[in-house]
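Q: I have a model open on my screen and would like to learn how to read it. Could you walk me through it, feature by feature?

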Amino acid sequence: MTVQHFTPAGLLQPTPYHHVAVGTGTTHVHVSGQIARRADGTPVAPGDLSGQVAQALRNTSIGLAGAGASFADVLRLTFYVTRWSPEKIGDFMAGVESVAGEIGLRLPMPPASLIGVDHLFEPDVLVEVEATALLDR
């Protein structure tokens, strides 16, 4: 196994992600910030955090696959969410859970950070996802 995810005793539980990932591969894969757009640039789920999270994760999956990787190889995820507030966690997690089976994202997720930002590069973009993966090749 290239990547092992776990949460040691003594760290906050439960969380929707593992606290630790150990990678043993040699090829690093970095997927840039993915947003809720189709390949032709058409926005997906305008104004809907849950729908945008799901589409951004789908796009991340496509980026990983392009490098011969999958979510099983992901060491870390970073989410940037505009105008974040704690009461949005339900919508955020609904987006993750709605697409997890489709894209092979195991729950709990790999180590992850959710960073609240004022805005992203376009006003309708609510979320951006970055992934770092490690392949054994």
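A: Gladly! Let us start with one residue: R83 is partly exposed, because its relative accessible area is 48%, and the cut-offs are under 20% for buried and over 50% for exposed. Keep in mind that this is a predicted model.

Q: Where is R83, then?

A: R83 sits in the loop between strand 4 (74-82) and helix 2. Its backbone deserves a look as well: the phi of R83 is near 45 degrees, which is positive although the residue is not glycine.

Q: What is the usual sign of phi, and what is the usual form of a peptide bond?

A: Most residues other than glycine have a negative phi, and most peptide bonds are trans. Against that background, A45 is another residue to inspect. The phi of A45 is near 55 degrees, a positive value in a residue other than glycine, and A45 belongs to the loop between strand 3 (27-34) and helix 1 (49-66).

Q: Which peptide bond leading into P14 should I look at, and what is its form?

A: Look at the bond from Q13 to P14, which is cis with omega near -10 degrees. P14 is in the loop between strand 1 (3-6) and strand 2 (20-23). A cis bond also links L107 to P108, with omega about 0 degrees. P108 is found in the loop between helix 2 (89-103) and strand 5 (112-117).

Q: Let me step back to the whole chain. How many helices and strands are there?

A: The chain has two helices and six strands. Following the sequence, you read them in the pattern β-β-β-α-β-α-β-β.

Q: How do I judge the overall dimensions from the radius of gyration?

A: The idea is to set the value beside that expected for a compact globule of the same length. For 137 residues that expectation is near 14 Å, and the chain has 15 Å, so the two agree. As a second view, the C-alpha atoms fill a box of roughly 40 × 35 × 25 Å along the principal axes.

Q: What do burial and surface tell me here?

A: Burial is a count of residues, while surface is an area. Buried residues account for 43% of the 137 residues. The chain exposes about 6900 Å², with carbon and sulfur atoms supplying 55% of that area.

Q: And how are the charges arranged?

A: Compare the mean positions of the two signs. The chain has 8 positive and 13 negative charges, and their mean positions are 2 Å apart.

Q: Which residue could show me a charged side chain in a buried place?

A: Try R37, in the loop between strand 3 and helix 1. R37 counts as buried because its relative accessibility is 13%, and the cut-off is under 20%. The side chain of R37 makes a polar contact of 2.6 Å with the side chain of E122. Beyond four places in sequence, the contacts of R37 include Q55, N59, E122 and D124.

Q: How much of the contact network links distant parts of the sequence?

A: Among contacts with a separation of 6 or more, 75% are between residues 24 or more positions apart. A112 in strand 5 is a good example to click on. A112 and V20 are 92 residues apart in sequence, yet their C-alpha atoms are 9.5 Å apart in space. A112 also counts as buried, at 16% relative accessibility. With neighbours within four places set aside, A112 is in contact with Y17, H18, R76, L77 and F79.

Q: What about Y80: where is it, and which residues does it contact?

A: Y80 lies in strand 4. The C-alpha atoms of Y80 and V117 are 6.4 Å apart, with their positions 37 residues apart in sequence. Leaving out neighbours within four places, Y80 is in contact with I115, V117, L120, L126, V127, E128 and E130.

Q: Could we finish with a helix residue: is A54 buried or exposed?

A: A54 lies in helix 1, and this residue is buried because its relative accessible area is 4%. Beyond four places in sequence, A54 touches G95, S98 and V99. For a pair at longer range, A54 and V127 are 73 residues apart in sequence and 9.8 Å apart in space, C-alpha to C-alpha.

Technical notes
Residues are numbered from 1 along each chain as its sequence is written. This is a predicted model: local features need pLDDT of at least 70, side-chain atom pairs count only at pLDDT 80 or more; totals for chains, interfaces and linings use all residues. Side-chain values use heavy atoms; hydrogens and water are left out. Helices (H or I, at least four residues) and strands (E, at least two) are DSSP runs, numbered from the N terminus. Buried means under 20% relative accessible area, exposed over 50%, partly exposed in between (1.4 Å probe, protein chains only). The radius of gyration is taken over C-alpha atoms; the globule rule is 2.2 Å times the number of residues to the power 0.38. Contact means heavy atoms within 4.5 Å. Accessible areas come from the Shrake-Rupley method with a 1.4 Å probe; for residues, only the protein chains shown count as cover. Lys and Arg count as positive and Asp and Glu as negative; His and the chain ends are not counted. The place of a charge is taken as NZ of Lys, CZ of Arg, CG of Asp or CD of Glu. A polar contact is a pair of N or O atoms within 3.5 Å; within protein, one must be able to donate a hydrogen and the other to accept it, and residues adjacent in sequence count only if both atoms are side-chain atoms.
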